[in-house]
Amino acid sequence: MNDQFNTERRYQSGFGNEYATEAVAGALPQGRNSPQRAPFDLYPELISGTAFTAPRHENRRSWLYRRQPSVVAGRYQAYEQKTWRTGGDRTMAVPPEPMRWHPAPLPANVADIDFIDGVHTMAANGDADSQQGLAAHVYLAGRSMERRAFVNADGEILLVPQQGRLVITSEMGVLEVKPGQIALIPRGVVFKVGLPDGPSRGYLCENYGAHFRLPELGPIGSNGLANARDFQAPVAAFEEGEVAYELVKKFGGRFWHAPTSHSPFNVVAWHGNLSPVRYDTADFMTIGSISFDHPDPSIFTVLTSPSDTPGTANCDFVIFPPRWLVMENTFRPPWYHRNVMSEFMGLVYGEYDAKPGGFKPGGASLHNLMVPHGPDEDAFDKASHADLKPQKLDNTLAFMFESRYRLIPTESALNSPTLDTEYADCWAGLKDQFKPG
Ligand code: FE2
């Protein structure tokens, strides 16, 4: 695994199931988690992603068998990361308007910026300490982390690459993720990001709340949307030899770093249901209307982080993948609406049907709670007069981080040159065309 870009990737299938994997045969203890001496004198270490007493269906934990325990590290000192913010700043004056950002250009010195330093917060809500809310970020990076590792105590990380593959080396093994795929890294799991394609861009949801899980399917039944078997966890892999690292930790909204004399990627075997996973959105079984009307976009939910109120998510991760539109006598794009939920959208590739042309891959939009939005003038006009034969929306992947809490843009996002100050004009030409009688 020293040459991580060439290592054959292997995966285990499933979401939140009891994975078991060993990089060296016999490294996983059998019949107990913590024998007096673990095989090969590895150190057993438990990582609990939920309280010990969380209900069984919610409980997430894994046992790691490693060459040295995580507690072996140098002393932490403050680390400066000025563009990654935590929680919503409620003192910020945020106009109650739709907002949109053009794609952020990759900076000239992108080759010097790794994933940790390349994260820029667009909007956030809640706060990490109360374990509610989320932050929507973009990352702009061009350098692999190499001998730097990162761990986030503040939240789970959902990665949505838009340009360039990611090779995510974690304590549990290695995941390769390309645009169109996503990765989910649990709170507290150490990882690093390699960038085999060089300059890379993507989106990142930092979820301070309850961990993402598959949504209930209700009347849909026992199959459909994102199927559990299509998620993939890595197999155990560890770094050979004695390799010093810099460990960067996000903890309470602040960043810290400490030297370690050994690689944190030293887990020889592990088992449990807490693990990074990847998922290919091409495997999403999309459901839509086969009669009339545009259904609620909740049918496109891949993962949900529930809040304490049933059905009202801390965060839903929703995708708009390629799909057929066949509805009869129906205005097929999304309707005009206002929503108590706040919607942060991104576009991985292609066009979004409500804003063809105006919303660019790598860009973002924010429609906060009760902010009216909907198709632009051109999309409304075309869809109102379209010949309603079956139509394939192809080569497109938009997504949404949707939250019950108002999303507060950061000061830098509000003042960014990428903020599209003309956004509201896309609706300005929607005239009163009421023709009574
Ligand atoms: Fe919406």
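1. In this predicted model, the side chain of Ser 289 places a polar atom 3.2 Å from the backbone nitrogen of Ser 291. The side chain of Ser 289 also reaches the backbone oxygen of Phe 292, at 2.9 Å. Both backbone atoms, that of Ser 291 and that of Phe 292, are thus named as partners of one side chain.

2. As to its setting, Ser 289 belongs to the loop that runs between strand E20 (277-280) and strand E21 (301-306). Ser 289 has a relative accessible area of 13% and is therefore classed as buried, the limit being under 20%. When neighbours within four places in sequence are left aside, the contacts of Ser 289 are with Pro 295, Val 326 and Met 327.

3. The iron site deserves separate comment. His 337 and His 373 each coordinate the iron ion through NE2, and Glu 343 does so through OE atoms, entered twice in the donor list. The coordination distances are 2.1 to 2.5 Å. Along the sequence, the donor residues follow the spacing H-x5-E-x29-H.

4. The geometry of the iron site is irregular, because the angles subtended by the four donor atoms range from 56 to 152°. A tetrahedral assignment would require all angles to lie between 85 and 135 degrees. Of the donor residues, Glu 343 may be singled out for its accessibility: its relative accessible area is 5%, and Glu 343 is buried.

5. Strand E4 (residues 61-66) is mostly covered, with five of its six residues buried. Strand E4 pairs with strand E3 (residues 43-48) in the antiparallel sense, over six bridges. Within this pairing, Tyr 65 in E4 is the bridge partner of Pro 44.

6. Strand E4 is also joined to strand E19 (residues 267-272), by five bridges, and these two strands run antiparallel. Here Leu 64 has Trp 270 in E19 as its bridge partner. Strand E4 therefore has antiparallel pairings with both E3 and E19, given that two strands pair if at least two bridges are found between them.

7. A further loop position is Gly 350, located between strand E24 (342-349) and strand E25 (364-367). Gly 350 is partly exposed, at a relative accessible area of 24%. Residues up to four places away in sequence not being counted, Gly 350 touches Pro 361, Asn 395 and Thr 396. Between the C-alpha atoms of Gly 350 and Ala 183 the separation is 21 Å, and the two residues stand 167 residues apart along the chain.

Terms used. Residues numbered from 1 in each chain as written. Predicted model: local features only at pLDDT ≥ 70, side-chain atom pairs only at ≥ 80, totals over all residues. Heavy atoms only, no water. Donors = N, O, S within 2.8 Å, 3.2 Å for Na, K, Ca; no water. Tetrahedral: all angles 85-135°; square planar, octahedral: opposite > 155°, others 65-115°. Buried < 20%, exposed > 50% of the residue type's maximum accessible area, 1.4 Å probe, protein only. Helix = DSSP H or I, 4+ residues; strand = E, 2+ residues; numbered from the N terminus. Contact = heavy atoms within 4.5 Å. Polar contact = N/O pair within 3.5 Å; in protein donor to acceptor, adjacent residues only side chain to side chain.
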